[in-house]
Amino acid sequence: MRNSLILKIKRGETPFFRFLKICAKTLTSSTLPLPRAVNPLLGGLYHGHQSGMAALRWAATYFYREPLFRGRCEKMGKRFTLSKMPYVISHARIYIGDDVNFFGKVDVFSGRIFDNPVLILGDRVDIGHNVSFVVNKEIIIEDDVNVASGVRFMDTDAHPKDVLERIADLPPRPEEIKPVKICKRAWIGQNAFILKGVTVGEGAIIGVNSVVVNDIPAYCVAMGNPARVVIRGQKPDENPLPSGEASESATKRDPA
């Protein structure tokens, strides 16, 4: 009876039901009429709401999320920050360095193939929102790596190559699982997939939505599916001139 009445209103079968449909649309698309004079008050309430929610999130993280996750890790360095409780369903051993930031949801999964899969995050690593690690053997993220949102790291295909083994719901063979390594200063773009056996070189950049199936050389830019090197770079100067010397050098080159 109730569903039939709703359908009649949606269809506007009679003048009365059309009237009800118009009233429903008006109510659902309207906003509360307020005088502009109350805007400062409402703005203050909005900022108070945001500040209160931020304080509650901070307290939940400081007193609950971070201590619990720290207990799950084998090692956690100083000044670790996170905004959501990491979702770990695995027996992976997790090592985290100093000044690491989790800026959202982070997942860690492991299978049953090896006894001690390892996830290592170096110092000053930034992990974006909705990043997942499928680690059955080893995934290493070295120092100063930036990982954007939506990135997936996988040291396995999650299923065996052989069709009969997949049908039998068997895990991948041990030889099909290969470690992943992201070298220091690399930058992994949004929604990239880093697959098994890959090493991303120092300072390399992986473009958004890329699928990396082969090693990427240091200081290169790679993108695409499969990812290919589009720009070849070189190691930056580790000891640039101080600003005063740089200015003096520039003056000598360009007297004007």
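**Figure 1. Lys196 and its salt-bridge partner.** Lys196 is buried, with a relative accessible area of 16%. This close-up, like the others below, comes from a predicted model. Lys196 forms a salt bridge with Asp157, and the closest N and O atoms of the two are 2.9 Å apart. You will find Lys196 in the loop between strand 15 (193-194) and strand 16 (199-200), while Asp157 sits in the loop between strand 12 (152-154) and helix 4 (163-167), so the pair ties together parts that are 39 residues apart in sequence. Asp157 is partly exposed, with a relative accessible area of 36%. Side chains of opposite charge can pair when their charged atoms come close.

**Figure 2. Two further salt bridges, Arg173 with Glu165 and Arg185 with Glu202.** How many salt bridges does the structure hold? There are eight. In one of them, Arg173 meets Glu165, with 2.5 Å between the closest N and O atoms. Arg173 is partly exposed at 37% relative accessible area, whereas Glu165 is buried at 14%. In the other bridge shown here, Arg185 pairs with Glu202, and their closest N and O atoms are 3.7 Å apart. Arg185 belongs to the loop between strand 13 (180-182) and strand 14 (187-188), and Glu202 to the loop between strand 16 and strand 17 (205-206), so this pair ties together parts that are 17 residues apart in sequence. Arg185 counts as partly exposed, at 35% relative accessibility. Glu202, with a relative accessible area of 18%, is buried.

**Figure 3. Asp155, a buried acidic residue with no salt bridge.** Look for Asp155 in the loop between strand 12 and helix 4. Which side chain of opposite charge is nearest to Asp155? It is Lys137, 8.1 Å away. Asp155 therefore has no salt bridge, as that takes a side-chain nitrogen of Lys or Arg within 4 Å of a carboxyl oxygen of Asp or Glu. A polar atom of the Asp155 side chain does lie 2.9 Å from the backbone nitrogen of Asn136. Leaving aside residues up to four places away in sequence, Asp155 touches a list of residues including Val134, Val135, Asn136, Lys137, Glu138 and Ile139. Also among them are Glu176, Ile177, Lys178, Pro179 and Val180, as well as Lys196, the salt-bridge partner of Asp157.

**Figure 4. Strand 10 between strand 7 and strand 13.** Here you can follow strand 10 (residues 138-141) as it pairs with strand 7 (residues 118-121) in the parallel sense, over four bridges. Leu119 stands opposite Ile139 in strand 10. Strand 10 also pairs with strand 13, again in the parallel sense, over three bridges. In that pairing, Ile140 stands opposite Lys181 in strand 13. In a regular strand the side chains alternate between the two faces of the sheet.

**Figure 5. An open sheet of eight strands.** To trace this sheet, follow the order 2-5-8-11-14-17-19-20; the pairing is mixed. Which strands are the edge strands? They are strand 2 (81-82) and strand 20 (227-232), each of which pairs on one side only. Further in, strand 17 and strand 19 (residues 220-224) run parallel and are joined by two bridges. Ile205 stands opposite Val221 in strand 19.

**Figure 6. Aromatic pairs, both exposed and buried.** A search of the whole structure finds nine aromatic pairs. In one of them, Trp58 and Phe63 meet edge-to-face, with 6.1 Å from centre to centre and 85° between the planes. Trp58 counts as exposed at 51% relative accessibility, and so does Phe63 at 59%. Another pair, Phe69 and Phe102, is tilted, with 6.1 Å centre to centre and 50° between the planes. Phe69 lies in helix 3 (residues 39-72) and Phe102 in strand 5 (residues 101-102), so the pair ties together parts that are 33 residues apart in sequence. Are these two rings' residues, Phe69 and Phe102, buried or exposed? Phe69 is buried, with a relative accessible area of 4%, and Phe102 is buried with a relative accessible area of 4%. Returning to Trp58 and Phe63, you can add Tyr62 to the view: Trp58, Tyr62 and Phe63 form one aromatic cluster.

Definitions and conventions:
Residues numbered from 1 in each chain as written. Predicted model: local features only at pLDDT ≥ 70, side-chain atom pairs only at ≥ 80, totals over all residues. Heavy atoms only, no water. Buried < 20%, exposed > 50% of the residue type's maximum accessible area, 1.4 Å probe, protein only. Lys, Arg positive; Asp, Glu negative; His and termini not counted. Polar contact = N/O pair within 3.5 Å; in protein donor to acceptor, adjacent residues only side chain to side chain. Contact = heavy atoms within 4.5 Å. Pairing = 2+ DSSP bridges. Phe/Tyr/Trp six-rings, centres within 6.5 Å; stacked < 30°, edge-to-face > 60°.
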